[in-house]
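Got the model open in your viewer? Let's take a walk through it, from the contact between the chains to the pockets and a few local details.

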Amino acid sequence: MEQSKDDVTRRGSFIKIGIGSLAVAGCGAAVFGYQFLSPNVLYEPSPIANVGKPDRFPPDSVTVDLVAGIYIMHAAEGFYALTATCTHLGCLTAWKPDLNIIACPCHGSKFNRRGVKIDGPAPRPLAWLKVWVNDEGDLLVDRSTPVPQDHFVRV
Amino acid sequence: MPPTIEGYWNDLRSTKVWRSVFRSGTGTSTLHRALAVQQNVFLHLASVKMRRRSLAFSATWYLGTMSLATFLILTATGILLMLYYHPSVPQAYADMKDLQFVVSAGVFLRNLHRWSAHAMVFLVFAHMFKVFYRGAYRPPREFNWVIGVILLILTLFLSYTGYLLPWDQLAFWAITVGANIMSAVPVMGRKVRFLMLGGNTVNANALLRFYVLHCVILPLVAGLLIAIHFWRIRKDGGLHTGQVETPAGAPNE
């Protein structure tokens with residue numbers, strides 16, 4: 001029997017079903033793969049750091065917390081905290097008391113104690129972080145919550 | 001006639017055991033020599049005949065062969081290093097130090113692995129420059145050039161993932177910086193960084209992911225592409241000799 005081009009053959013429909021199911025399975029594998037590779041639970045340190053009683057920090061001082069990666073500043077206007085992570089490529093910066101600057105060892109960015117960039121490749125100032133005092137009178141810093149600049153906390 | 005080494009060699013090659021392993025048989029005719037290459041799973045990647053010119057040092061400076069040699073050294077030493085290395089945060093640095101100061105021949109294997117890694121990056125780059133300046137990337141070899149570029153990226157990625165494994169300050173900050181560069185990819189950069197590190201910071205998950213990439217996934221992909229790379233040399237008409245060539249492969253319609 002002659003077949004015209006529009007006829008549906010058994011082989012043709014099986015091939016379509018086969019390719020279709022492979023495509024669905026492929027999409028499913030991509031979604032499952034993506035979900036599998038994204039961890040649902042992270043055993044990372046809490047973003048909230050307890051830095052202790054405010055009287056630890058003398059007036060006009062810069063204190064580095066290396067474990068938390070933050071600076072706690074006690075200025076005339078009050079307390080504030082800066083991230084110590086450089087905004088360029090994420091290196092840990094260091095406070096240079098003799099030069100009165102924050103300097104990054106990786107690519108030479110420099111910031112003043114308000115986090116404003118003085119020099120180097122950093123694209124943004126160092127972020128100001130949320131600071132508050134809890135019921136026990138401890139100073140807490142939330143490293144995941146940036147606040148606007150010149151946001152001081154008075155104790 | 002007194003027995004000679006060549007005589008013993010030929011006797012060995014005619015034994016039943018030898019013939020069952022190597023299918024080409026004895027004899028030094030052109031056919032036998034061709035079969036010896038063509039019927040061997042490793043040698044058949046190469047062509048049965050090649051131009052004397054393409055075997056000269058000046059043709060390639062043997063840079064591709066040396067890249068392969070460093071890859072094989074890295075595979076062998078890497079497997080041995082894996083026997084003493086645990087990819088976990090408390091142990092990784094101590095294991096690396098143990099390899100240097102406690103394990104017999106550990107420092108030799110670690111240094112051989114490290115220097116071969118540096119040499120491989122250098123040789124792959126040099127190989128690429130040599131191919132480029134000789135014009136050996138031109139048709140019909142353009143696809144093999146593309147495979148070579150992918151192999152260069154794999155080499156750099158192998159180098160990068162291996163860099164984290166000693167888990168020292170240099171490793172930690174290099175991967176921190178590299179991961180932040182990765183997050184500069186438009187739209188999906190931060191997601192790529194998150195999947196790559198298995199978290200937001202370079203930590204236990206990142207160490208394990210880099211270990212699996214470095215020891216399993218990347219070497220397997222590189223090995224597969226290396227096989228295709230060599231096979232394509234033969235299929236594209238052998239090494240480039242600078243002479244006018246008729247294109248290899250199937251004719252166009």
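How many residue pairs are in polar contact across the interface of chain A and chain B? The rule finds five such pairs, counting those where both residues have pLDDT of 80 or more. Keep in mind throughout that this is a predicted model.

**Where the chains meet**

On one side of the interface, 11 residues of chain A do the touching, and they meet 15 residues of chain B. The size of an interface is often given as the accessible area lost when the parts come together. Here the area buried between chain A and chain B is about 1,100 Å², and carbon and sulfur atoms give 64% of it. If you sort the chain A side of this contact by residue type, you get seven nonpolar, three polar and one charged. As for salt bridges between chain A and chain B, the count is zero.

**Two pockets**

Next, the pockets. Here are the two biggest side by side:

| Pocket | Volume | Lining residues | Make-up of the lining |
|---|---|---|---|
| Largest | about 1,600 Å³ | 39 residues | 19 nonpolar, 15 polar, five charged |
| Second largest | about 1,200 Å³ | 47 residues | 28 nonpolar, 13 polar, six charged |

To find the largest pocket on screen, go to Thr83(A), Thr85(A), Arg193(B), Asn200(B) and Thr201(B), the lining residues that lie nearest its centre. The elements that give two or more residues to this lining are strand E10 (139-147) of chain A, plus helix H10 (169-182) and helix H11 (189-197) of chain B. H10(B) has the largest share, with four residues.

For the second largest pocket, look for Gly64(B), His127(B), Phe230(B), Ile233(B) and Leu239(B), which lie nearest the centre among its lining residues. Several helices of chain B each supply at least two residues here, including helix H6 (63-82), helix H8 (106-134) and helix H12 (204-235). The most comes from H9(B), which gives eight residues.

**Ties within chain A**

Over all chains, the structure holds six salt bridges. One to pull up is between the side chains of Asp60(A) and Arg113(A), with an N to O distance of 3.2 Å. Why is this pair worth a look? Asp60(A) is in the loop between strand E1 (48-52) and strand E2 (61-65), while Arg113(A) is in the loop between strand E7 (110-111) and strand E8 (117-119), so the pair ties together parts of chain A that are 53 residues apart in sequence.

Asn134(A) is another one to click on. You'll find Asn134(A) in the loop between strand E9 (128-133) and E10 of chain A. Its side chain reaches the backbone nitrogen of Asp138(A) at 2.9 Å. Leaving out residues up to four places away in sequence, Asn134(A) touches Asn50(A) and Leu140(A).

**Two backbone details**

Two spots in the backbone round off the tour. In chain A, what sign does the phi of Asn100(A) have? Positive, at about 60°, although Asn100(A) is not a glycine. Asn100(A) is in the loop between strand E5 (94-96) and strand E6 (101-103) of chain A.

Over in chain B, Pro139(B) and Pro140(B) are joined by a cis peptide bond, with omega at about 10°. Pro140(B) belongs to the loop between H8 and H9 of chain B.

Definitions and conventions
Residues are numbered from 1 along each chain as its sequence is written. Chains are lettered from A and ligands numbered from 1 in the order in which they are written. This is a predicted model: local features need pLDDT of at least 70, side-chain atom pairs count only at pLDDT 80 or more; totals for chains, interfaces and linings use all residues. Side-chain values use heavy atoms; hydrogens and water are left out. On a 1 Å grid over the protein atoms alone, a cavity is a set of points where a 1.4 Å probe fits but cannot get out, and a pocket is an open set with protein on both sides within 12 Å along at least five of seven lines; lining residues have an atom within 4 Å of a point. Grid points are joined across faces, edges and corners, and a volume is the space filled by probe spheres set on the points. Ala, Val, Leu, Ile, Met, Phe, Trp, Tyr, Cys and Pro count as nonpolar, Asp, Glu, Lys and Arg as charged, and the others, Gly among them, as polar. Contact means heavy atoms within 4.5 Å. Buried area is the accessible area (1.4 Å probe) that two parts lose on being put together, summed over both. A salt bridge is a side-chain nitrogen of Lys or Arg within 4 Å of a carboxyl oxygen of Asp or Glu. A polar contact is a pair of N or O atoms within 3.5 Å; within protein, one must be able to donate a hydrogen and the other to accept it, and residues adjacent in sequence count only if both atoms are side-chain atoms.
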